[in-house]
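Me: Here is a structure to go through. Take the helix at the start, then the ligand shell, the domains and the core.

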Amino acid sequence: MSWKHEIIDGPNHKYPVFCDVDVLVVGGGAAGVAAAETVGRHGFNVLLVERYGFCGGGAVAGLSGTVCGLYLSTKSENAKPEQVVFGFADSFKNRLYDKGGLTEPIIYGHTWTVAHDPLIWRETADSFLQDANVNILFHTQVIGVIQDGHEVLGVLVNSKSGIAAIHARRIVDASGDADVIYRAGYTTSKGKSGVIQNPTMIFRMGGVDIDQFNSYWGEDSISPTKIVEKLISDEHSDHLPRKKIWIFNTSRPGELMVNATRILGRDGRDLDVTDPVDHTEGELTAREQVRSYHQFLKNNIPGCEHSYVNDTGVEIGIRQTRTIKGIETLTNDNVLNRYKSDDCIVNSPWPIELHSGDKPYVEWLLDDYYEVPYGTLVPEEANNVIAAGRCLSSEHEALASCRVTAQCFGYGHAAGLATCLSINENIAYRNIEGSAVRNMLNGEGAKL
Ligand SMILES: Cc1cc2nc3c(=O)[nH]c(=O)nc-3n(C[C@H](O)[C@H](O)[C@H](O)COP(=O)(O)OP(=O)(O)OC[C@H]3O[C@@H](n4cnc5c(N)ncnc54)[C@H](O)[C@@H]3O)c2cc1C
């Protein structure tokens, strides 16, 4: 089955207007939660629209499972985790921790990450949004835009009540997929010549003897060489396409979180998950692959003999889809040369972690970080729409670094403050100085 390029006439509908708000935030992932909380806390009438019944996006529905991007990488002996990302990311991390939903730092290669509990992530997001008086509409999906030239006047949403319009003065596109920007006809692209990073279906495994597992696997969540070799030589190796895998201890006893699968089409093609045919094939193959990896772990890894799969993500985890064309673009050179400038709004110490091919490719940024320019969030053609999150304007390999959760919190925080400035001073996002947003972020503890 594939799309037919045939157009049919539909009835000429008139849609009811559901509401009129200062700011609409589309999507409740890390970036959307941060943006909506920021705008709400500054006293604007803000609505967050999310297609699921909870916030978290890739981190929760995709079960990505850890907050990466907080700490420097280093090869120094006896080094301790050194956090370099603060502001909203730090506030969210601290509240997660206080609610019992976050581990201590876990070694990941030459850096550290922290694993979060997906249920407590949702509750933490609920509490941040409600404290900031954000209006929330769950189970509501943006399906179109209402436009006047470079101005997006609002969106069309679909829910169980039917299709309705929402009007807004400013829109933060935190859909991950740049849905608003794409539907407005502004420029977007996908990956390297259309090929995006592989999705992964993450799963959690209960009934594990954690002490036995840890003493065999070691402290590093990235698979040791002996596991890579076992995956290559396993008799079912064809069903285990990824040979370098990550496994994390979680905040729950007897549980591990497994980031192992590599989701391709049944014919081995790279999938484009913005196409529902590919997306569906991905979900079906992912569930089969989860069982293959679990069987491998049961058969080969001490401590996992009596384990069971207690859950998978609600959906395959999607690392990358559309990327906007911003007034600035984060380049691969920016990442590799640790770019820094006064108009930057987020620090990122995370390596390039590119998921394509047999093994993910990791390029470490030792003992330093780069900064992400404000203009990467601002679509070239839009006046009153800003992007926040993994769809920011970025080259392919650079995106494999700057897309992780701590940075997405940061983009949301920055987009939220830029929105406040844009309304207060009645200016388009593109006319805002990145340095002004940076100063505001620093006023809210971002330590840039
Ligand atoms: C397999 C995998 C593993 C990963 N591992 C890690 C990790 O260990 N640590 C880490 O920090 N990061 C990890 N990441 C990356 C991280 O999870 C994401 O980059 C991050 O969550 C992206 O946040 P976001 O807010 O930009 O977008 P998303 O998390 O994608 O959020 C977008 C939100 O918008 C909603 N939405 C989309 N379209 C619409 C619409 N039209 N209408 C209404 N709502 C809509 C979605 O439901 C979703 O909630 C991983 C990602 C994947 C896929």
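Me: How many residues does α1 have, and what span from its first C-alpha to its last?
Reply: This is a predicted model, where local features need pLDDT of at least 70, side-chain atom pairs count only at pLDDT 80 or more, and totals for chains, interfaces and linings use all residues. Residues are numbered from 1 along each chain as its sequence is written. Helices are DSSP runs (H or I, at least four residues), strands are runs of E (at least two), and both are numbered from the N terminus. The expected span is 1.5 Å times one less than the number of residues. For α1 that gives 16 Å, and the helix comes close to it, with twelve residues and a reach of 17 Å.

Me: Is α1 mostly covered or exposed?
Reply: A residue is buried if 20 or more other C-beta atoms, placed from the backbone, lie within 10 Å of its own, exposed if 12 or fewer, and partly exposed in between. Among the buried residues of α1 are Val33, Glu37 and Val39. Eleven of its twelve residues are buried, so by this definition α1 is mostly covered.

Me: Which residues come nearest to the ligand?
Reply: The shell counts residues whose C-beta atom, placed from the backbone, lies within 6 Å of the molecule. Elements giving two or more residues to it include α1 (30-41), β7 (141-148) and α11 (405-424). Of the 40 residues around the ligand, the nearest are Gly27, Gly29, Gly57, Gly317 and Gly389.

Me: Which strand gives the largest share of the side of domain 1 that touches domain 2?
Reply: An automatic or database assignment sets the domain bounds: domain 1 (17-191 + 321-443) and domain 2 (203-312). Their centres, over C-alpha atoms, are 28 Å apart. Contact means C-beta atoms, placed from the backbone, within 7 Å, and it takes 20 residues from domain 1 and 18 residues from domain 2. On the side of domain 1, the largest share is three residues, from strand β4 (residues 106-108).

Me: Which residues touch the most other members of the largest nonpolar core?
Reply: A nonpolar core joins buried Ala, Val, Leu, Ile, Met, Phe, Trp, Tyr and Cys residues through C-beta atoms within 7 Å. The largest share of this core, nine residues, comes from α11. Leaving aside neighbours within four places in sequence, alanine 414 contacts Ile345, Val346, Tyr374, Leu377, Val437 and Leu441. Of the 132 residues in the core, the two that touch the most other members are Leu24 and Ala414.

Terms used. Two residues are in contact if their C-beta atoms, placed from the backbone, lie within 7 Å.
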